[in-house]
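Work through the exercises below with the model open. Try each task before reading its solution.

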Amino acid sequence: LQLAQAFAAADRWAETPHTLERLAQVTAATTAFFEQRLPGSWSQTHYHERFGTDLAGDPRFRLGHAPAGWTTLTSHLRRQGFTTEELLAAGVSTATRTGNIIDRFRNRAIMPIIHDGIVVGFVGRRHPDNTDGPKYLNSPTGPLFAKRELLYGHHLLTDTTTPVIVEGPADAIAVTLAGDGHYIGVAPLGTALT
């Protein structure tokens, strides 16, 4: 299984002209953008109600908020010097059927997916009152990210912690908070547990 995953990752990188370092810069800038928009957003209220504490600025989770605009993030990142191709390869922007480039995550509570110290993707939860679109939206498969290869929250595991497998990222955060440094919640990305 590990060998198959390594070959799949190599194939994804072979198909892109971008480097790991550059795409990591895109996701780092994206994470900072989302984190800056968390205070005062509905996402902050949602997280506080869900977890019973304010997690804004918590370095373990780096939670954020994606604003509702169609190109708010895309325009911000372009002003920072990132190209459209880099935004698409990092999975933070997407192309519409008409060819326009828009933000992948809009009006969503954001949970970054961290691997080897790099944000490789995001999970975005729609507003609790909204029924349009998927409840949870992951980054697309690309050079940095393949949801079948990672568990959300695995970056917090150490030799002295016990992993607790749960259904979703929010459950993983809840377990980690309750685990008092002994238990770390981890969740598959896109596979439902029954």
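How many bridges join strand S8 (residues 162-165) to S9, and do they run parallel or antiparallel? Four bridges join S8 to S9, and the two strands run parallel. Strands and helices here are DSSP runs, numbered from the N terminus: a strand (E) has at least two residues, a helix (H or I) at least four.

The model is predicted: local features need pLDDT of at least 70, side-chain atom pairs count only at pLDDT 80 or more, and totals for chains, interfaces and linings use all residues. Residues are numbered from 1 along each chain as its sequence is written, and side-chain values use heavy atoms, with hydrogens and water left out.

**Exercise 1. Surroundings of S9**

Task: describe the pairing and burial of strand S9 (residues 183-188).

Solution.
- Step 1. Recall the general rule. Strands of a sheet pair through backbone hydrogen bonds, either parallel or antiparallel.
- Step 2. Apply the criterion. Two strands pair if DSSP finds at least two bridges between them.
- Step 3. Look at S8. Isoleucine 165 stands opposite valine 186 in S9.
- Step 4. Look at strand S7 (residues 151-152). S7 pairs with S9 in the antiparallel sense, over two bridges. Leucine 151 has proline 188 of S9 as its bridge partner.
- Step 5. Check burial. Buried means under 20% relative accessible area, exposed over 50%, and partly exposed in between (1.4 Å probe, protein chains only). Five of the six residues of S9 are buried, so the strand is largely enclosed by the rest of the structure.

**Exercise 2. The four-stranded sheet**

Task: give the strand order of the open sheet and find its edges.

Solution.
- Step 1. Read the order. The four strands run S1-S4-S5-S6, with antiparallel pairing.
- Step 2. Find the edges. S1 and strand S6 (136-138) each have a single partner strand, so one side of each is left without a neighbour in the sheet.
- Step 3. Add the twist. From one strand to the next, the twist averages 35°.
- Step 4. Take one pair. S1 and S4 are joined in the antiparallel sense over three bridges. Histidine 65 has alanine 109 of S4 as its bridge partner.
- Step 5. Inspect the loop between S4 and S5, where aspartate 116 lies. Aspartate 116 is not a glycine, yet its phi is positive, about 50°. Its relative accessibility is 67%, so aspartate 116 counts as exposed.
- Step 6. Compare asparagine 107, in the loop between strand S3 (101-103) and S4. Asparagine 107 also has a positive phi, near 50°. At 27% relative accessibility, asparagine 107 counts as partly exposed.

**Exercise 3. H3 and its cover**

Task: list the buried residues of helix H3 (residues 42-51) and say what covers them.

Solution.
- Step 1. List them. They are Trp42, Ser43, Gln44, His46, Tyr47 and Phe51.
- Step 2. Find the cover. It includes strand S1 (64-66), strand S4 (108-115), strand S5 (118-126) and helix H6 (169-178).
- Step 3. Zoom in on serine 43, at 0% relative accessibility. Contact means heavy atoms within 4.5 Å. Leaving aside neighbours within four places in sequence, serine 43 touches Leu38, Gly64, His65, Arg108 and Ala109.
- Step 4. Look past the helix. Glycine 52 follows H3, and its phi is positive, near 75°.

**Exercise 4. H2 against H4**

Task: describe how helix H2 packs against helix H4 (residues 72-79).

Solution.
- Step 1. Choose the descriptors. Two packed helices are described by the angle between their axes and the distance between the axes.
- Step 2. Read both values. The axes of H2 and H4 come within 11 Å and cross at roughly 125°.
- Step 3. Classify the angle. That makes H2 oblique to H4. Under 35 degrees counts as roughly parallel, over 145 as roughly antiparallel, 65 to 115 as roughly perpendicular, and the rest as oblique. Axes are lines fitted to C-alpha atoms, for helices over the stretch in contact, and angles run from 0 to 180 degrees between N-to-C directions.
- Step 4. Name the contact residues. H2 supplies Val26, Ala29, Thr30, Phe33 and Phe34, while H4 supplies Thr72, Leu73, His76 and Leu77.
- Step 5. Place H2 (residues 20-36) on the sheet. H2 lies across S1, S4 and S5, at about 40° to S5.
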